[in-house]
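Let's take a walk through this model, starting with a single residue and working outward. Keep the viewer open as you read.

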Amino acid sequence: LLLYRLSRKLYFSMFMHLVAMFYLHVFTLQWNFSPIPGRQWAYQSCTEFGYYQSTESLRQPFTGFPLSYKLQQCIDLFGAPFNPVVLADAVQHTNENYGGHNIKGNRIMFPNG
């Protein structure tokens, strides 16, 4: 049991280090550098997809990242105007523009299912 608790604590501290490195990476705006791909993905996730990878579902074993955390992450990265109401409107616009769950089109591939 002690070994299990220590391994969970070590895993969590390593994970939080990775989260901190991600924040450092996406907050670094150096225009003389190559683009930062993580920042573009975070922007698109916040403003178009609403792809917030949270742990709120009861049908999975993970904890610690509620939806509010992910929404705050959007505000932290892109500023106060990117609040939950604005993000919900932006995602709704994307769904209306592309059909949401009722996409009409052909030659469309969904590699993630």
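Start with serine 45, which is buried, because its relative accessible area is 6% and the cut-off for buried is under 20%. Keep in mind that we're looking at a predicted model. Serine 45 sits in helix H2, which covers residues 37-49. What does serine 45 touch, once its neighbours within four places in sequence are left aside? The contacts are Gly50, Tyr51 and Tyr52.

Now zoom out to the whole chain. It has 4 helices and 0 strands, so to speak of its layout from the N terminus on is just to say α-α-α-α. Of the 113 residues, 19% count as buried. The accessible surface comes to about 9,500 Å², and carbon and sulfur atoms account for 63% of that. If you take the contacts between residues at least 6 apart in sequence, 44% of them join residues at least 24 apart.

One link across the sequence is covalent. The count of disulfides comes to 1, and it joins cysteine 46 to cysteine 74, with an S to S distance of 1.9 Å. The angle about the S-S bond is -90 degrees, making the link left-handed. Cysteine 46 belongs to helix H2 and cysteine 74 to helix H3, so the pair ties together parts that are 28 residues apart in sequence. Are these two cysteines buried or exposed? Both cysteine 46 and cysteine 74 are buried.

Those cysteines also turn up in the largest nonpolar core, a set of 8 residues: Ala42, Cys46, Leu71, Cys74, Leu77, Phe78, Phe82 and Leu87. H2 and H3 each supply at least two residues of this core, and the largest share, 4 residues, comes from H3. As a general point, nonpolar side chains in soluble globular proteins tend to be buried together. Phenylalanine 82 is one of the core residues. Leaving aside its neighbours within four places in sequence, phenylalanine 82 is in contact with Tyr43, Thr47, Cys74, Ile75 and Leu87.

H3 deserves a look of its own. The buried residues in H3 are Lys70, Leu71, Gln73, Cys74, Leu77 and Phe78. Why do they end up on the same side of H3? They cover an arc of only 150 degrees around the axis, and that puts them on the same side of the helix. The helix geometry can be checked too: H3 has 12 residues (67-78), so at 1.5 Å a residue it should span 16 Å, and its end C-alpha atoms are 17 Å apart, which agrees. Right after H3 comes glycine 79, whose phi is positive, near 105 degrees.

Finally, move on to H4, which runs over residues 84-98. With 15 residues at 1.5 Å each, H4 should span 21 Å; its end C-alpha atoms are 21 Å apart, which agrees. Leu87, Val91 and Thr94 are buried in H4. They cover an arc of only 55 degrees around the axis, which puts them on the same side of H4. Which exposed residues are carried by the face of H4 turned away from its buried side? That face carries Val85, Asp89, His93 and Glu96. Leu87, on the buried side, brings us back to the core, since that residue is part of the 8-residue set.

Technical notes
Residues numbered from 1 in each chain as written. Predicted model: local features only at pLDDT ≥ 70, side-chain atom pairs only at ≥ 80, totals over all residues. Heavy atoms only, no water. Expected span 1.5 Å × (residues − 1). Buried < 20%, exposed > 50% of the residue type's maximum accessible area, 1.4 Å probe, protein only. Arc of directions from axis to C-beta. Contact = heavy atoms within 4.5 Å. Core = buried A, V, L, I, M, F, W, Y, C linked by side-chain atoms within 4.5 Å. Disulfide = S-S within 2.5 Å. Areas by Shrake-Rupley, 256 points an atom, 1.4 Å probe, with all protein chains shown as cover.
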